[in-house]
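Please read this short report alongside the sequence and the model. It takes up a surface patch and then a few individual residues.

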Amino acid sequence: MKTLMSSRPRSSDANRHLALQLAIQLPDSTDDARQVVDELAVLLEGYMTAPGPRPLWQRQVLALDPPYHAGPALFWTVALFLLVMPLAAALVAMVGMPAAEVPVIAPLAAGCSMVFGRRYGVLFGALVALGHNLLIVPPALELSVPSAMELVIGGCYACAAIVVPTVAKHSAALRAAAMSACVRLAPIP
């Protein structure tokens, strides 16, 4: 506790008095008090930081902070699949190329993975691969052994669901490494 207090700037007596007034109003239960303090921190985050849009990876997601409920995440993953797969099948039928769905579905798998977690992104990719086999590969509505192209497409979905959130999570470090590499590679004038 000593190190926590020493790392913070010293507060005035007026600030201590205001903090004490807030602490008196907290619930008696420790868990309830912590939840109130956490909610207060979230509410004050926008007030104490500079206004304006922040990058997606710096935003705090209220509903999905751990622990979040797996039921709604699974529901939205399956709902996204049910909404997008008929559109992907129509795109494939219109273009006449079985791989035409990849540019549409891979970003959705990555987005599902970023919002709900990697396992739901991979689940979305697996559902799409299954839907591709059922709806697009002839004969329709019959499962068949996946071809090499279908396995590659499924691998693309899994890679998008795993790699994109990892890159987004470590984007600041990757950006700094890329910029320092550019500085080292640039000729000195």
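Val122, Ile162, Val163, Val167 and Leu174 together make a nonpolar surface patch of about 380 Å². Patches are made of residues with over 30% relative accessible area and no salt bridge (a side-chain nitrogen of Lys or Arg within 4 Å of a carboxyl oxygen of Asp or Glu), with like charges joined within 9 Å and nonpolar side chains (Val, Leu, Ile, Met, Phe, Trp, Tyr) within 5 Å. The most is given to this nonpolar patch by helix α7 (residues 148–169), with 3 residues, where a helix is a DSSP run of H or I with at least four residues, numbered from the N terminus.

This is a predicted model, in which local features need pLDDT of at least 70 and side-chain atom pairs count only at pLDDT 80 or more, while totals for chains, interfaces and linings use all residues. Residues are numbered from 1 along each chain as its sequence is written, and side-chain values use heavy atoms, with hydrogens and water left out.

The table gives the accessibility of some residues, with buried meaning under 20% relative accessible area, exposed over 50% and partly exposed in between (1.4 Å probe, protein chains only).

| Residue | Relative accessibility and class |
|---|---|
| Thr77 | 0%, buried |
| Val122 | 33%, partly exposed |
| Leu151 | 57%, exposed |

Thr77 has its place in helix α4 (residues 70–95), and, leaving aside its neighbours within four places in sequence, Thr77 is in contact (heavy atoms within 4.5 Å) with Cys112, Phe116, Tyr120, Leu123 and Phe124. Val122 belongs to helix α6 (residues 118–135), whereas Leu151 is found in helix α7. The C-alpha atom of Leu151 is separated by 8.3 Å from that of Ala129, the two residues being 22 residues apart along the chain.

How values were computed: Helix = DSSP H or I, 4+ residues; strand = E, 2+ residues; numbered from the N terminus. Areas by Shrake-Rupley, 256 points an atom, 1.4 Å probe, with all protein chains shown as cover.
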